[in-house]
Amino acid sequence: MNRFDSDYAYSNYTRYMKKCGSWMACAAKGEKGVFNFDYWIDRKAIYQYAFKGSVKICEPFSEKYKIVGGKGKLIDVKEFYRKTVVFEFLEDTEVWGFNKTDDREDWNGRLLEDGNITVEKESSLVCLDGNPVVNGITLNRYDYDDLTIDKIYNINLNDGVLALFTRQ
């Protein structure tokens, strides 16, 4: 196989993007030891969540970095928004990101717990893992929906992970 063949060059790293209404989702999968990068023009992730493994995100020529990893942690990576970053996959890793689509907007993100929530601003709910139940509906990984303002949502995580993103 030719060393510069595109299948070979990207065989240890895969990236996905999907527009989800007023925001965008990204996901990446990388093997331990692989390096990759985002150019500033494409870097729009403001929250990231690792399903497995961990990845170090840093600005080139800077000591500023964050490690995204540890199941059950939604990591705020706003400091890297619109900056060129390098990824170092510290383990075999699968990571997901919430991206804003407008430079003028801001979103807050958090993981939910069992119980009831009522949203007061434009919000999106994302299933990041497992099969949580919301108002009697069982969700799967990557299911998402824009929530209705002032509606009550009953959350049963059922050992799953749900994230709520609210436009500020």
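# Notes on the predicted model

1. Starting with a loop: Phe61 sits in the loop between β5 and β6. Strands here (E, at least two residues) and helices (H or I, at least four) are DSSP runs, numbered from the N terminus. The phi of Phe61 is near 65°, a positive value in a residue other than glycine. Phe61 counts as exposed because its relative accessibility is 90%. For burial, the cut-offs are under 20% relative accessible area for buried, over 50% for exposed, and partly exposed in between, with a 1.4 Å probe and protein chains only.

2. Before going further, some ground rules. This is a predicted model, in which local features need pLDDT of at least 70, side-chain atom pairs count only at pLDDT 80 or more, and totals for chains, interfaces and linings use all residues. Residues are numbered from 1 along each chain as its sequence is written, and side-chain values use heavy atoms, with hydrogens and water left out.

3. On confidence, the mean pLDDT of the protein chain is 91, with 93% of its residues at 70 or more; pLDDT is the predictor's confidence in each residue, from 0 to 100. Residues 1–10 are the stretch to be careful with: pLDDT stays under 50 there, and the model has 3 contacts for them beyond four places in sequence. A contact means heavy atoms within 4.5 Å. Where pLDDT is low, the predicted coordinates should not be read in detail.

4. Now the overall build. The protein chain has 1 helix and 17 strands. Its C-alpha trace spans about 55 × 35 × 25 Å along the principal axes. The radius of gyration is 17 Å, which agrees with the value near 15 Å for a compact globule of 168 residues. That radius is taken over C-alpha atoms, and the globule rule is 2.2 Å times the number of residues to the power 0.38. Among contacts between residues at least 6 apart in sequence, 69% join residues at least 24 apart.

5. Surface and charge next. Of the 168 residues, 41% count as buried. The accessible surface comes to about 9,500 Å², 48% of it belonging to carbon and sulfur atoms. These areas come from the Shrake-Rupley method with a 1.4 Å probe; for residues, only the protein chains shown count as cover. The chain carries 24 positive and 27 negative charges, and their mean positions are 3 Å apart. Lys and Arg count as positive, Asp and Glu as negative, while His and the chain ends are not counted. Each charge is placed at NZ of Lys, CZ of Arg, CG of Asp or CD of Glu.

6. Back to the β5–β6 loop for Ser62. This residue lies between β5 (54–58) and β6 (65–69). Ser62 counts as partly exposed because its relative accessibility is 37%. From Ser62 to Gly97 the C-alpha distance is 22 Å, with these positions 35 residues apart in sequence terms.

7. Another positive phi turns up at Asn158: the angle is near 55°, in a residue other than glycine. Asn158 is in the loop between β16 (152–156) and β17 (161–167). With a relative accessible area of 45%, Asn158 is partly exposed.

8. Val119 is a loop residue worth a look, placed between β11 (115–118) and β12 (123–129). At a relative accessible area of 3%, Val119 is buried. Outside its neighbours within four places in sequence, Val119 is in contact with Leu147, Thr148, Ile149, Asp150, Lys151 and Leu164. Ile152 is 33 residues from Val119 along the chain, and their C-alpha atoms are separated by 7.6 Å.

9. Then the β3 region. Asn36 belongs to strand β3 (residues 35–38) and is buried, at 15% relative accessibility. Its contacts, leaving aside neighbours within four places in sequence, are Tyr13, Val85, Val86 and Phe87. Tyr39 lies in the loop between β3 and β4 (45–52). On the same terms, Tyr39 is in contact with Lys83 and Thr84. The C-alpha atoms of Tyr39 and Arg82 are separated by 8.0 Å, and these residues are 43 apart along the chain.

10. Last, Ser22, in the loop between β1 (13–20) and β2 (23–30). Ser22 counts as buried, at 19% relative accessibility. Beyond its neighbours within four places in sequence, Ser22 is in contact with Thr101, Glu105, Trp107, Glu122 and Arg167. Lys151, 129 residues away along the chain, has its C-alpha 20 Å from that of Ser22.
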